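The following note sets out points on the structure shown below, for consideration alongside the sequence. They are numbered for ease of reply.

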Amino acid sequence: MVYPITVVGGGLAGLTAAIACAESGAPVHLYEAHERVGGRGRATARPYVAHEGAHVFYADGPHYRWLKRRGFVSGLGWPSPLDMVTLLHFRAEGRVRALPPFPVLRAQTRKWLTAPTDVDFHSWASQRWGDEAARQIANAIAVVTYDADTGRLSAAFVWELFQRVLGPNVPAIRWVRGGWQTVIDRMATRATELGVKIHTGTRVDTLPTGGPVIVATELAAAGQLLGDSTLSWTSGHTALFDVAVPRDRHDANLIFDLDEGGFHESYSMQDDSVAPHKEALYQLQMPIRDGETHASAHQRLAIFAEQALPNWAERSTWHRTSIAKGRTGALDLPGQTWHDRPAINRGDGVYLIGDMVAAPGMRGEISINSAVIAATAATDRTPR
């Protein structure tokens, strides 16, 4: 008897696992508690297509090659030449500028440096470039960590991210028109074509038996399903703000906030389909400090928005605020690497995937990489 592979969770990780398993010829059932698949890849309805957090892709790893081979990231958008001229800015010492302070710029060029795993980033970086530069570098990469104290994380972890995002590399960033929602829709269609049975609005409270099971939920839910209260990992906590305004050449397209770890980026500079004609759509984020209220973080975010989008409150045609906590990918503390995160293979044909498990990458990349690993193992166990 051939047992189907069960995938619990229909976000990016679950869809990846279902597709990878189905491509091997295995029967697959995917269960999603919500009425539609997508998880954090879902977007708001038109005319303002905003995502929960990041909406870009980095084309420099196995996760992107997996997506690209299947046509999931086709139809790229690119900023116009005018937008490119004013694309990148930094907030430092209270003002927005075209270049970061010199010590940060110097650190960007030191790609050959190797940072230690067992030391926090601030201690390691401050010895080379000083306390202020170390703080600014950590804040620059808060766009990836969603964390207000990135300097406390493993030096190796932060340095790799900093060099990957802001180092002297061949540009790897890609924008898919329509963002993650377009990719999710393509993945769901492909899964159905491969014969995956997708059950939405169906919550799984008991671990299925009779075949391999791939759990693709957040760690808290996975812990309940697996009966393992130890499932946890460090993650970020950030305030998010999406806002649409009439297009104005004085508005900034992209700002790394070296002062407070905020980030500002245009959704629409590379994809005019995400907002009405002659409007621009932006997302801003501000990591929430330890003990800080959400209201305080949003107030700091509003001040940052005023620098990026002057008079945004009077000009806004649409906006929304939200909070992301424990939903922002894995962060490694000193002495930890991705190998130390919760294991994918839980034994007895059960696998755990998502953005906070033992697989390389950042944020959603961890989900894709872990899903492919789990699918390979699960299909090896499934008789044909």
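1. Val-183 is a convenient place to begin; the model is a predicted one. Val-183 belongs to helix α9, which spans residues 179-193. With a relative accessibility of 0%, Val-183 is classed as buried, because the class takes in residues under 20%. Leaving out residues up to four places away in sequence, Val-183 touches Phe-57, Leu-67, Phe-72, Val-73 and Val-176. Arg-95, by contrast, is 88 residues from Val-183 in sequence, and their C-alpha atoms are 36 Å apart in space.

2. A second buried position is found in helix α11. Arg-300 lies in this helix, which covers residues 294-308. Its relative accessibility is 10%, and Arg-300 therefore counts as buried. Apart from neighbours within four places in sequence, Arg-300 is in contact with Glu-260, Met-286, Pro-287, Ile-288, Arg-289 and Glu-292.

3. The next points concern the sheets. One open sheet contains seven strands, ordered β6-β5-β11-β12-β13-β10-β14, and its pairing is mixed. The edges are formed by β6 (95-97) and β14 (318-325); each has a single partner strand, so one side of each has no neighbour in the sheet. Direction ignored, neighbouring strands of this sheet are turned by 20 degrees against each other on average.

4. Within that sheet, strand β11 (residues 254-257) merits attention. What covers the two faces of β11, and are its residues buried or exposed? Both faces are covered: Leu-254 and Phe-256 on one side are buried, as are Ile-255 and Asp-257 on the other.

5. The pairing of β11 can be followed on each of two partners. Strand β5 (residues 88-92) runs parallel to β11 and is joined to it by four bridges. In this pairing, His-89 stands opposite Ile-255 of β11, and Arg-91 has Asp-257 of β11 as its bridge partner. Strand β12 (residues 263-266) runs antiparallel to β11, with three bridges between the two. Here Phe-256 is bridged to Phe-263 of β12. The hairpin of β11 and β12 has five residues between its strands, and in it Gly-261 adopts a positive phi near 85 degrees.

6. A further open sheet has six strands in the order β8-β2-β1-β9-β16-β15, again with mixed pairing. Its edge strands, β8 (197-200) and β15 (345-347), each pair on one side only. From one strand to the next, the twist averages 20 degrees. Strand β9 (residues 213-215) and strand β16 (residues 350-352) run parallel and are connected by three bridges. Val-215 stands opposite Leu-352 of β16.

7. The six-stranded sheet also has a helix to be noted. Helix α1 (residues 12-23) lies across β1 (5-8), β2 (28-32) and β9. Relative to β2, α1 runs at about 170 degrees.

8. Helix packing is the next topic. How do helix α5 (residues 121-129) and helix α6 (residues 131-140) cross, and at what angle? Their axes come within 7 Å and cross at roughly 130 degrees. The two helices are therefore oblique to each other, and the crossing is right-handed. From α5, the residues taking part are Phe-121, His-122, Ala-125, Ser-126 and Trp-129; from α6, they are Asp-131, Ala-133, Ala-134, Arg-135, Ile-137 and Ala-138. Sorted by class, this contact of α5 with α6 holds seven nonpolar, two polar and two charged residues.

9. Helix α5 also packs against helix α8 (residues 155-166), at an angle of about 65 degrees and with the axes 8 Å apart. Phe-121, Trp-124 and Trp-129 of α5 meet Ala-155, Val-158 and Trp-159 of α8. The contact of α5 with α8 consists of six nonpolar residues, with no polar and no charged ones. Phe-121 and Trp-129 thus appear in the contact with α6 and in the contact with α8.

Terms used:
Residues numbered from 1 in each chain as written. Predicted model: local features only at pLDDT ≥ 70, side-chain atom pairs only at ≥ 80, totals over all residues. Heavy atoms only, no water. Buried < 20%, exposed > 50% of the residue type's maximum accessible area, 1.4 Å probe, protein only. Pairing = 2+ DSSP bridges. Axes fitted to C-alpha atoms, helices over the stretch in contact; angles between N-to-C directions. Parallel < 35°, antiparallel > 145°, perpendicular 65-115°, else oblique. Left-handed = near helix turned anticlockwise from the far one by under 90°. Contact = heavy atoms within 4.5 Å. Nonpolar A, V, L, I, M, F, W, Y, C, P; charged D, E, K, R; others polar.
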